[in-house]
Amino acid sequence: MTLEDDEVVHVEGAVAPCDVLFVCEHASNYFPESFGDLGLSDEVRESHVAWDPGALALTRLLAERFDSSLVAGGVSRLLYDCNRPPVAESAIPQRSEIFDIPGNVGLSDAAREARVEQIYVPFRGAVEQVIAMLEPKAIVTVHSFTPIYHGAKRDVEIGILHDRDTRLADGMLEALAGAPHDVQRNAPYGPEDGVTHSLKLYGLATKTANVMLEVRNDLLRTETQIAHMADVIEGALQAALAGLAKDTKTEEGR
């Protein structure tokens, strides 16, 4: 089984110096023919376990508004989750929420390594190359999550996630304090859930300010909803970036 790099990762927008690089790891529920359907029904392959519905549309709108670029995953995260390191079992999950993933059960070390080389390596390489070319002031990863998880309702609507670097998250949370949405820090996931791999790999490693956004996917079902969420996030991110620039100037003036 072989995949072309442009099948597993897509770069959109003008590759030129910018304020923000947007990354959408779970943009697609595409299953290349060479991998088959992993033994899953059409319903499961179209559900949130296979991708982040609405995330790519939101990412595209944000990248357009910030006159920036985005890097998006081109295949389902059930083949390989590009927000997980190769050593993580969840990088190629045998079970996702309530669904077993038959095609991921009993994979040999060679089969796992093949997926790493075919999906993760080119995705990571593309992100790192774009970072080197754009020299962004901030890296923002965009995700969506399901309103019901293991049968439990989630009230949070927008999650602002971070690892050790809290600068952008702090600024966005402050800006969103009066928003008509349930906004929470490190929810519905946090670093303890292993979801900050991209932030650590692309942000912390390059000392670039970074944040991960999680938006409940029932709020991303229509173009109107997506545009509204882009409005909310754009304003908060602009405020956070302005605060970041102010802090940088203060530090330089000391």
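About 11,700 Å² of this protein is exposed, and carbon and sulfur atoms supply 49% of that area. Keep in mind as you look around that the model is predicted. Charged side chains are worth a glance too: there are 22 positive and 41 negative ones, and the centres of these two sets lie 6 Å apart.

Now step back to the overall form. The C-alpha atoms fill a box of roughly 55 × 40 × 30 Å along the principal axes. A compact globule of 254 residues would have a radius of gyration near 18 Å, and the protein agrees with this because its own value is 18 Å. Of the 254 residues, 54% are buried.

What is the chain built from? You can find 7 helices and 11 strands in the protein. Its contacts often reach far along the sequence: taking those between residues at least 6 apart, 81% join residues at least 24 apart.

Let us finish with one helix, α3, which covers residues 55-65. Here Ala55, Leu56, Leu58, Thr59, Leu62 and Ala63 are buried. Why do these buried residues line one face of the helix? Viewed down the axis of α3, they fall within an arc of 160°, so one face is where they gather. The background is simple: an α-helix has 3.6 residues a turn, so residues three or four places apart point the same way. After α3 comes aspartate 67, which has a positive phi, near 50°.

Methods: Residues are numbered from 1 along each chain as its sequence is written. This is a predicted model: local features need pLDDT of at least 70, side-chain atom pairs count only at pLDDT 80 or more; totals for chains, interfaces and linings use all residues. Side-chain values use heavy atoms; hydrogens and water are left out. Helices (H or I, at least four residues) and strands (E, at least two) are DSSP runs, numbered from the N terminus. The radius of gyration is taken over C-alpha atoms; the globule rule is 2.2 Å times the number of residues to the power 0.38. Buried means under 20% relative accessible area, exposed over 50%, partly exposed in between (1.4 Å probe, protein chains only). Contact means heavy atoms within 4.5 Å. Accessible areas come from the Shrake-Rupley method with a 1.4 Å probe; for residues, only the protein chains shown count as cover. Lys and Arg count as positive and Asp and Glu as negative; His and the chain ends are not counted. The place of a charge is taken as NZ of Lys, CZ of Arg, CG of Asp or CD of Glu. The arc is that of the directions from the helix axis to the C-beta atoms.
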